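Ready to get your hands on a new structure? Work through the exercises below one at a time, and try each before you read its solution.

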Amino acid sequence: MRSLLLVAAVAQAALVEIDDAGLTSFLQMELKQVSKGKKAVANTHPWPNFRGAIPGQTGVSDSVAPSNLSASLAWSWHHPEGQYHTTLAGGPVIDSNKNVYVTGADGIRKFSPEGDELWIYNPPGISNNAPMLMGDKVYGSDKSGYAFAVDMETGKTAWKQKLADTNGGDSGYP
């Protein structure tokens, strides 16, 4: 429970306005498209990956978290199957509408700013990587060697591609 409280507190603290138009190295396929002359997508999400805003990605926010996290939470979430049902990967990411995305071993969940679960995406395999936001897509990968993009609004698969037989045993972050 403590880890979920911390996730919610960090997510709330990270809601800062940041003007950026960068790309991240995780999205090599997207960069390849840009290099082929296709238009780059400006990233306007305040916390698009687990390490924060682009450029920089230091994991540091200008926001100051409250000293008493338990008393200051806007919302919290508990897995419906119980406290130890899944493991969270990395940290939350936050889109321009202040929705929060969290990856557990059982999928990526999108939460509204009020804490309502809007959708869950189940990747082809077990995921242990934090998601990444760019444009209107949520990007991720799983341990079985798939990379995928999910429509941010619907949680439906935009594309998925098997890139390798496995992601390896120690592939916990993009």
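**Exercise 1.** Which residues form one aromatic cluster with Trp-75?

*Solution.* Keep in mind that this is a predicted model. Start at Trp-75 and look for its ring partners: Trp-77 and Phe-111 join Trp-75 in one aromatic cluster.

**Exercise 2.** Find Ile-108 and work out whether it is buried or exposed.

*Solution.* Step one: locate Ile-108 in strand β3, which covers residues 107-111. Step two: check its relative accessible area, which is 1%. Step three: compare that with the cut-off, since buried means under 20%. Ile-108 is therefore buried. Step four: see what surrounds Ile-108; beyond its close sequence neighbours (up to four places away), it touches residues including Val-102, Trp-119, Tyr-121, Val-138 and Phe-148.

**Exercise 3.** Which strand do four bridges join to β3, and how do the two run?

*Solution.* The partner is β4, residues 117-121, and the two strands run antiparallel. To pin down one bridge, take Lys-110: its partner in β4 is Trp-119. Now look at the hairpin itself, where five residues sit between the strands and Gly-115 takes a positive phi near 95°.

**Exercise 4.** Which residues make up the largest nonpolar core?

*Solution.* Ile-108 from Exercise 2 is one of its 10 residues. The others are Val-93, Tyr-101, Trp-119, Tyr-121, Leu-133, Val-138, Phe-148, Val-150 and Met-152. Next, ask where they come from: β4 and β7 (146-151) each supply at least two residues of this core. There is also a second, separate core of seven residues, with Trp-47, Trp-75, Ile-94 and Phe-111 among them. As a general rule, nonpolar side chains in soluble globular proteins tend to be buried together.

**Exercise 5.** How many aromatic pairs does the structure hold, and why does the pair of Tyr-121 and Phe-148 count as tilted?

*Solution.* The structure holds five aromatic pairs. For Tyr-121 and Phe-148, the ring centres are 5.1 Å apart and the planes are at 45°, so the pair is tilted. Under 30 degrees would count as stacked and over 60 as edge-to-face. This pair links distant parts of the chain, with Tyr-121 in β4 and Phe-148 in β7, 27 residues apart. Both residues are buried.

Now try Tyr-139 and Trp-159: their ring centres are 6.2 Å apart with planes at 55°, so this pair is tilted. Tyr-139 is buried at 5% relative accessible area, whereas Trp-159 is partly exposed at 27%.

Note on methods: Residues are numbered from 1 along each chain as its sequence is written. This is a predicted model: local features need pLDDT of at least 70, side-chain atom pairs count only at pLDDT 80 or more; totals for chains, interfaces and linings use all residues. Side-chain values use heavy atoms; hydrogens and water are left out. Buried means under 20% relative accessible area, exposed over 50%, partly exposed in between (1.4 Å probe, protein chains only). Contact means heavy atoms within 4.5 Å. Two strands pair if DSSP finds at least two bridges between them. A nonpolar core is a set of buried Ala, Val, Leu, Ile, Met, Phe, Trp, Tyr and Cys residues joined through side-chain atoms within 4.5 Å. Rings of Phe, Tyr and Trp (its six-membered ring) pair if their centres lie within 6.5 Å; planes under 30 degrees apart count as stacked, over 60 as edge-to-face and the rest as tilted.
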